[in-house]
Each structure stands twice: as structure tokens, then as C-alpha cells.
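Student: I should like to look closely at a single part of this model, namely the sheet and the helices that pack on it. Could you please take me through that part?

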Amino acid sequence: MKILRFLPVVALFSLAACNSNSSTTNEVAAADSVEATAEKAVSETEAPAEADVVRVVTPSDSPEPTDAKAVVIDFSAVWCGPCQQFKPVYHAVAGEYAAKADFFAADVDECPELAKKYDISNIPCVVVLKKGAEPVKHVGSMSDAEFKDLLDKSL
């Protein structure tokens, strides 16, 4: 009998606890949604069109320079630490030099024929192709200043 007297009190506390959890859960979900939307908006506004400047080479591609523009190819691999370190530098500088050259990224594991064509044996390796000139190769990661210097001398 005594248990039945406390049953409504226990039920009341249980319902109050459930309501507070569901409202907290809804608030957390809403906050996460707002945060994700804000992050997306920030990343879209901060990221310039660098991603559009560097084109990924497929096995059937063979980028060639034209009279108007040179071609710059970054030979790398996803498993290569120095390649991943150089990648943001390459993309940032490519955005600045897009008017002077077309920029490409070639994974040596996916494009072995292109790597063989330019005698790529070490990565990261940047190859600058200018119509009527010998290819310029640089092996190893570079800072943005070093990469700009290479492009200024080669283009």
C-alpha cells in the first residue's frame, strides 16, 4: 500500500527528467546544426577558387603546354608525407599563378605512364612544361617562396 502512494511522485519525477533530457537533446542538436552550417559558410567564403585551379590528372590525360600557357604538374602520392606537406603550398601558389600556367596534380600510383614519360623516380616532384623549352624538374617539398621562385624562373 505504501508503494502505491509514492508511485505518482516517482512518475512525476520520471516525466520531468524525460522532458528536460529531450529539450536538452533538441537544443544540442539545434546547436550542432547551427555550428555545422556556420563552419560550411566559413569554409566556403575563406576557400578561394584554389581547388578549381589545380586539376587532377587521370590515367588517360597527358597535359601539354600551349603557346599561351605553360603547364605545371605536381607528381605525388597519398602515402607520401612530404607530398602531403607540399600540397597546400602548391594549391595556394597555383591560385596566384593561374594566369601564367595551368596547374595539375598527378598521383604516381594512378598515372604511372605519365610519371614514366617525365622520368619521375622521386616524389614530390614538380615539372614545369613550357612550349619549346626543356622540362624543368624540382624534387622535394618547397616553401611557398621557393616554389614562387621556381615558377618565376621557369615561366
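Tutor: The account below begins with the sheet, continues with the helices and ends with a loop.

The model is a predicted one, in which local features need pLDDT of at least 70 and side-chain atom pairs count only at pLDDT 80 or more, while totals for chains, interfaces and linings use all residues. Residues are numbered from 1 along each chain as its sequence is written, and side-chain values use heavy atoms, with hydrogens and water left out.

Helices (H or I, at least four residues) and strands (E, at least two) are DSSP runs, numbered from the N terminus. Two strands are said to pair if DSSP finds at least two bridges between them. Five strands build an open sheet with mixed pairing, and their order is β1-β3-β2-β4-β5. The edges are taken by β1 (54-56) and β5 (136-139); each has a single partner strand, so one side of each is left without a neighbour in the sheet. On average, and with direction ignored, neighbouring strands are turned by 20° against each other. Such angles run from 0 to 180 degrees between N-to-C directions, and the axes are lines fitted to C-alpha atoms, for helices over the stretch in contact.

Strand β4 (residues 125-129) has antiparallel pairings with two strands. With β2 (residues 70-76) it forms five bridges, and Val-71 has Leu-129 as its bridge partner in β4. With β5 it forms four bridges, again in the antiparallel sense, and here Cys-125 has Val-139 as its bridge partner. The hairpin of β4 and β5 has six residues between the strands, and within this hairpin Gly-132 takes a positive phi near 80°.

Two helices may now be added. Contact means heavy atoms within 4.5 Å. Helix α5 (residues 144-154) lies across β2, β3, β4 and β5, and runs at about 25° to β4. The axes of α5 and α3 (residues 81-96) come within 10 Å and cross at roughly 50°. Angles under 35 degrees count as roughly parallel, over 145 as roughly antiparallel, 65 to 115 as roughly perpendicular and the rest as oblique; α3 and α5 are therefore oblique to each other. From α3, the contact is made by Phe-86, Val-89, Tyr-90, Val-93 and Glu-96, and from α5 by Asp-144, Phe-147, Lys-148 and Leu-151. By class, six residues of this contact are nonpolar, none is polar and three are charged. Here Ala, Val, Leu, Ile, Met, Phe, Trp, Tyr, Cys and Pro count as nonpolar, Asp, Glu, Lys and Arg as charged, and the others, Gly among them, as polar.

The loop between α4 and β4 completes the picture. Asp-119 is found in this loop, and has a positive phi of about 55° although it is not a glycine. Pro-124 also has its place there; a cis peptide bond joins Ile-123 to Pro-124, with omega about 0°.
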